[in-house]
Amino acid sequence: MTVTETAPVRTASCATQPPRAHPRPEGQDHYTISEVAAHTGLTAYTLRWYERIGLMPYVGRSHTGQRRFRNSDLDWLAFVGKLRLTGMPVADMVRYAELLREGEHTFEERQELLESTRRDVRKRIAELQDTLAVLDYKIDFYADARRASERA
């Protein structure tokens with residue numbers, strides 16, 4: 001399998017499985033914003049911003065009003081992190097989140113958004129592979145030149 005090929009992955013939800021296990025089991029998965037920030041590497045400000053712009057689903061609150069994140073929120077944030085790595089614009093990520101909240105009748109539009117992003121990623125991969133070939137050529141050129149000068 002090459003870098004540009006992908007194996008199909010089917011999951012029950014929109015988010016992929018997290019790269020690491022959840023810190024707490026289901027039912028005991030109540031995280032403060034600082035715990036989520038530490039787990040995800042995002043700042044508390046970013047997490048609040050995601051919620052404010054509609055990128056995060058509703059985050060529950062404790063009796064004192066503090067946000068209480070769940071494992072499903074960690075899964076969503078892992079997925080958003082992948083979308084960020086693709087270069088997907090924030091507006092498109094928010095649109096995807098809105099479509100997700102609207103329900104199953106938006107499958108087609110969500111799929112189109114992801115397919116468009118995949119095309120962009122594949123294009124970037126091809127550009128990077130071309131760039132890598134140029135770098136390899138230059139590195140080989142200098143290595144050969146150094147070997148030739150050492151023999152002389």
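**Exercise 1. Work out whether D120 is buried, partly exposed or exposed, and find how far D120 is from T86 in space.**

Solution. Start with the burial of D120. In this predicted model, D120 has a relative accessible area of 45%. The partly exposed class lies between the buried limit of 20% and the exposed limit of 50%, so D120 goes down as partly exposed. Next, place the residue: D120 belongs to helix 5. Finally, take the C-alpha atoms of D120 and T86: they are 7.9 Å apart, with the two positions 34 residues apart in sequence.

**Exercise 2. Stay in helix 5 and look at T117: is T117 buried or exposed, and which residues outside its sequence neighbourhood is T117 in contact with?**

Solution. First, the location: T117 sits in helix 5. Second, the burial: a residue counts as buried under 20%, and T117 comes out at 10% relative accessible area, so T117 is buried. Third, the partners: once neighbours within four places in sequence are set aside, T117 touches T86 and M88. T86 thus turns up again, having been paired with D120 above.

**Exercise 3. Describe how helix 4 and helix 5 pack: what are the angle, the axis distance, the handedness and the residues in contact?**

Solution. A packed pair of helices is described by the angle between the axes and the distance between them, so get those two numbers down before anything else.

- Step 1: helix 4 covers residues 90-102, and helix 5 covers residues 107-151. Their axes are 9 Å apart, at an angle of about 155°.
- Step 2: angles over 145 degrees count as roughly antiparallel, and helix 4 and helix 5 are therefore roughly antiparallel to each other.
- Step 3: helix 4 and helix 5 cross in a left-handed way.
- Step 4: helix 4 brings D92, R95, Y96, L99 and L100 to the contact, while helix 5 brings E109, R110, L113 and L114.
- Step 5: sort that contact by class, and you get five nonpolar and four charged residues, with no polar ones.

**Exercise 4. Now do the same for helix 3 and helix 4: what are the angle, the axis distance, the handedness and the residues in contact?**

Solution. The axes of helix 3 and helix 4 lie 11 Å apart, and the angle is about 145°. The crossing of helix 3 and helix 4 is right-handed. On the helix 3 side the contact uses W76, F79, V80, L83 and R84; on the helix 4 side it uses M93, Y96, A97 and L100. By class, that makes eight nonpolar residues, one charged residue and no polar ones. Look back at the helix 5 contact, too: Y96 and L100 of helix 4 are listed there, and they are listed here as well.

**Exercise 5. Find the largest nonpolar core: how many residues are in it, which have the most contacts inside it, and which helix supplies the largest share?**

Solution. Count first: the largest nonpolar core has 24 residues. L55 and W76 are the ones with the most contacts inside it. Then go through the suppliers: helix 1 (33-40), helix 2 (44-53), helix 3 (71-86) and helix 4 each give at least two residues. Helix 3 provides the largest share, with six residues. To finish, zoom in on L55: leaving out neighbours within four places in sequence, L55 is in contact with Y50, W76, V80, M93, V94 and A97. Among these, W76, V80, M93 and A97 also take part in the contact of helix 3 with helix 4.

**Exercise 6. Look at N71, D75 and E26: which class of burial does each residue fall into?**

Solution. N71 lies in helix 3 and has 0% relative accessibility, so N71 is buried. Its partners beyond four places in sequence are H22, R24, P25, E26, D29 and Y31. D75, also placed in helix 3, is buried at 17%. From the C-alpha of D75 to that of H22 is 8.8 Å, though the two are 53 residues apart along the chain. E26, by contrast, falls in the segment before helix 1 and is exposed at 58%. Its C-alpha is 9.3 Å from that of S72, 46 residues away in sequence.

**Exercise 7. Zoom out: what pattern does the protein chain follow, and what share of its residues is buried?**

Solution. Tally the elements: five helices and two strands. In sequence order they run α-α-β-β-α-α-α. Of the 152 residues, 25% are buried. Lastly, among contacts with a separation of 6 or more, 55% join residues 24 or more positions apart.

Definitions and conventions: Residues are numbered from 1 along each chain as its sequence is written. This is a predicted model: local features need pLDDT of at least 70, side-chain atom pairs count only at pLDDT 80 or more; totals for chains, interfaces and linings use all residues. Side-chain values use heavy atoms; hydrogens and water are left out. Axes are lines fitted to C-alpha atoms, for helices over the stretch in contact, and angles run from 0 to 180 degrees between N-to-C directions. Helices (H or I, at least four residues) and strands (E, at least two) are DSSP runs, numbered from the N terminus. Angles under 35 degrees count as roughly parallel, over 145 as roughly antiparallel, 65 to 115 as roughly perpendicular and the rest as oblique. A crossing is left-handed if the near helix is turned anticlockwise from the far one by less than a right angle, and right-handed if clockwise. Contact means heavy atoms within 4.5 Å. Ala, Val, Leu, Ile, Met, Phe, Trp, Tyr, Cys and Pro count as nonpolar, Asp, Glu, Lys and Arg as charged, and the others, Gly among them, as polar. A nonpolar core is a set of buried Ala, Val, Leu, Ile, Met, Phe, Trp, Tyr and Cys residues joined through side-chain atoms within 4.5 Å. Buried means under 20% relative accessible area, exposed over 50%, partly exposed in between (1.4 Å probe, protein chains only).
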